[in-house]
There are 2 protein chains.
Amino acid sequence: MQLLCPEWLLSMDNSVNALKDHAVLIDGTLIAAVGLQSDLKQQYPNATKIILNNQVLMPGLINCHTHAGMTLLRGAADDMPLQDWLQKRIWPLEGKLADAEFVYDSTILACAEMIRGGTTFFNDMYFFPEQTARAATQMGIRVMASILSIEFPTRYGSGPDEYIEKGLAARDQYSGHSLVNWSVAPHAPYTVSDETFVRLGTLAQELDIPIHCHLHETASEVDNALKLNNQRPFERLNQLGLINEKFLAVHGVHLNEHELKIMAQQGCTLVHCPASNLKLASGIAPTAQALNLGVRVVIGTDGAASNNKLDLWEEGRIASLLAKGSSLNATIWPAAQLLKSLTCDAATALGFENKLGRIKPGFLADLITIEMNQQAHQAPALEIASRLAYSGGARDVVEVWINGQQVVSKQQFLGVTAELEADCMRKVGGLWQTRIEQLDLL
Amino acid sequence: MQLLCPEWLLSMDNSVNALKDHAVLIDGTLIAAVGLQSDLKQQYPNATKIILNNQVLMPGLINCHTHAGMTLLRGAADDMPLQDWLQKRIWPLEGKLADAEFVYDSTILACAEMIRGGTTFFNDMYFFPEQTARAATQMGIRVMASILSIEFPTRYGSGPDEYIEKGLAARDQYSGHSLVNWSVAPHAPYTVSDETFVRLGTLAQELDIPIHCHLHETASEVDNALKLNNQRPFERLNQLGLINEKFLAVHGVHLNEHELKIMAQQGCTLVHCPASNLKLASGIAPTAQALNLGVRVVIGTDGAASNNKLDLWEEGRIASLLAKGSSLNATIWPAAQLLKSLTCDAATALGFENKLGRIKPGFLADLITIEMNQQAHQAPALEIASRLAYSGGARDVVEVWINGQQVVSKQQFLGVTAELEADCMRKVGGLWQTRIEQLDLL
């Protein structure tokens, strides 16, 4: 048992006020108690006390959309419009490089960056999800890998039958592993047939897992669908019965008011990826409108090939600023609500409403601390939510626990994860950079 | 003499390609030579060799608009519309707090954050500019303080006569100090009379210094001017002869195509402050259009009361992403051009075209290094400009020289600056936080 005694506790449970003099007891993988330090020290005299001076303890952040397996393509396709980005760089590079080993090494890299920055759970969509799960479990981070499908063949498989079969096999392989969870992930309306959508929607209901799907990322996605079928992709998915509380609509840059209202009614989630949407010039998602209509809006980094960071602090700050600036309303998505989007709302979106995103007895112990008092960029010390949302960042994260296990201490990985990161960095600097450069595509 | 031997040299002179095997010789305050390491080691055997493994050496970043003297108001007014922000928080807080001591301590804090993040020169606008100059020179950072004017009385003075007199006296006090430079700073069209604009415009010509002015920050600024005078503020300033190559138009959120064309013709500068414009819901400046029309666009953080960071890496990344996303053009403001905006273009805007912003013999030695090979968030190591622009950040800055003097080594302040920062942090955590909280305005 570990008794964490931080300077401030930000439980995200009911209130976003930071509490002084509080402690959190970890027992195994769970939060066993939350209370006054004096009480818990007396009640649990044998627990290992961990004093966290000048730090705020809060739930780990949850990245609701990424492609960790693409991290080795960071910086390989900048300043390009989406179609060039895909056709001239990403698809050719993936075609030549993206095998199981590439996905594994990319994911180690992604996990290292995410964990150091305070992300303790990520919702992934990529080929070879068993490699995603393998890398994540080795690095000690919670993952939602995907039973992915797309209509055309890739290195990973020939089509929906094989993709779904392989996804289910990967799920079986990791069944019982406490860090590994699954979604179904139809890639996007323009790459997935009605039949496959229905099949995956049914699978999601049977397995009681989320549906993770790119939707309305670009104007041309919507325009092309209207030309082909006289129907907007959202309407099509709604008719197919996909738009429900299990559905995560990723991007949603071109959702209209009618569609946002349906999303709010149906309890489905908008996963906002502002940096990627801006960088690929897809546009600005209507998050202010979505929030005002009562849609659950959470945040994803998207992959490192289009961001190029996997940093939820910076992503969240951009999300909040962009919502204000594009809606001309400075009060939208305030600091405290942004922190909810990154923790408890994200947990709800992924089906973990009663297990993650808050510091509460019985919840899983995914916890981080952030240094608050030692650095000029965090001074003066006024309201904590504001400091976390608007002036803090990945570099301020000090300690990380996932599933009750301490993974990072004083900003350093512990044990085997430190070696995994170092080995991966050597391989990236040697083998992978050589392979990428030899392709002569950049 | 110091001979800096980095892994890569990004001189920003003509090309933005990083050079291997190059070295830079610092002699006193100047860059004395740039060339192959082998040659310079032979030519200057007595110079102190400084080996900078895994680091890129580049010109220090230049913050083209800030209010360092407001840094103690960081986080004191979040999620508020501009008028509430000003009237309910900032002006009352300034009225009670912003004396010379407040400006000095705020500026120490701002300099600490900026220098650590690789900013070596900042263009400031605030009251008590002699305190700005005092703090900056003590911290060892280059500053452009301002001979400010505003029509109404403040704690600093009674009106234009006194403001200008005090500004000129401060300039005299710091004359001959190599780190201190001056602009004239009429606050904004809605707070400064025609007479004062002309007076400061004339002064700028006489002293050969820049004119630093907020312009078209909000739609209501433009609308109110149209109601009052049937004239847009830009048109008014242009008629008064202010819109010339010395003029820095800060914000420019609501500049139209006609005005941007005049700015391009006249060679004046747009200082873009994206985070502040978004956070205060002022809108999104037309930077893509400005760049396409040939306007020089540079970047400022604005003050910590509206940002809440003084981080040019994050500010630059947001600027580039926002230009792409709002113009629906992913090719605008590419990585290499962004680095120019932060270095050589910024130097030109401030009148230092032939002294700063490039690594070139005869230029002032304001230099920084950035760690490029040790951390997961910077891997793989593909193109350097992309990594600096899109995945790097303040935390990666390792070494800083300003005016030939090393100020930061291995991310730590050297000598007296370390003590100044520590003293200031103690005072902020004690005296200032107490004073702010006692006002009970937050």
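**Contacts and fold of chain A**

I count two residues as in contact if their C-beta atoms, placed from the backbone, lie within 7 Å. I looked first at sequence separation: among contacts in chain A between residues at least 6 apart in sequence, 73% join residues at least 24 apart.

I note that this is a predicted model, in which local features need pLDDT of at least 70, side-chain atom pairs count only at pLDDT 80 or more, and totals for chains, interfaces and linings use all residues. Residues are numbered from 1 along each chain as its sequence is written, and chains are lettered from A and ligands numbered from 1 in the order in which they are written.

I listed the elements of chain A and found 16 helices and 17 strands; these are DSSP runs numbered from the N terminus, with helices (H or I) of at least four residues and strands (E) of at least two. The C-alpha trace of chain A spans about 65 × 50 × 45 Å along its principal axes. I checked the radius of gyration, taken over C-alpha atoms, against the globule rule of 2.2 Å times the number of residues to the power 0.38. For 442 residues a compact globule would have a value near 22 Å, and the 21 Å of chain A agrees.

**Burial**

I call a residue buried if 20 or more other C-beta atoms lie within 10 Å of its own, exposed if 12 or fewer, and partly exposed in between, with C-beta atoms placed from the backbone. By this count 62% of the 442 residues of chain A are buried.

I then went through two helices. In H15(A), eight of its eight residues are buried, among them Arg387(A) and Tyr390(A). The buried residues of H15(A) pack against strand S1 (2-9), strand S5 (48-59), H12, helix H13 (335-342) and strand S14 (367-371) of chain A. H13(A) is largely enclosed by the rest of the structure, because seven of its eight residues are buried. These include Lys340(A) and Leu342(A), and the buried residues of H13(A) pack against several elements, including strand S6 (61-66) and helix H14 (344-349).

I define a nonpolar core as a set of buried Ala, Val, Leu, Ile, Met, Phe, Trp, Tyr and Cys residues joined through C-beta atoms within 7 Å. The largest one has 324 residues, and Cys111(A) and Cys111(B) have the most contacts inside it. Leaving out residues up to four places away in sequence, I found Cys111(A) touching Ala68(A), Ala135(A), Ala136(A), Met139(A) and Ile141(A).

**Strands of chain B**

I looked up strand S11 (residues 247-251) of chain B, where five of its five residues are buried. I take two strands as paired if DSSP finds at least two bridges between them. S11(B) runs parallel to strand S10 (residues 211-215) of chain B, with five bridges joining them; His212(B) has Leu248(B) as its bridge partner. S11(B) also pairs in the parallel sense with strand S12 (residues 269-272) of chain B, over three bridges, and there Val250(B) is partnered by Val271(B).

**The two copies**

I found 56 residues of chain A in contact with 56 residues of chain B. Helix H3 (100-116) and helix H16 (415-438) are among the elements giving two or more residues to the side of chain A that touches chain B.

I superposed the copies by least squares on the C-alpha atoms of residues with pLDDT of at least 70 in both. A turn of 180 degrees and a shift of 0.0 Å along the axis lay chain A on chain B with an RMSD of 0.0 Å. The two copies are therefore related as by a two-fold rotation axis. The same surface serves both copies, since 100% of the contact residues of chain A recur in chain B. Of the residues of chain A, Arg395(A) comes closest to the rotation axis, with its C-alpha at 3.3 Å.
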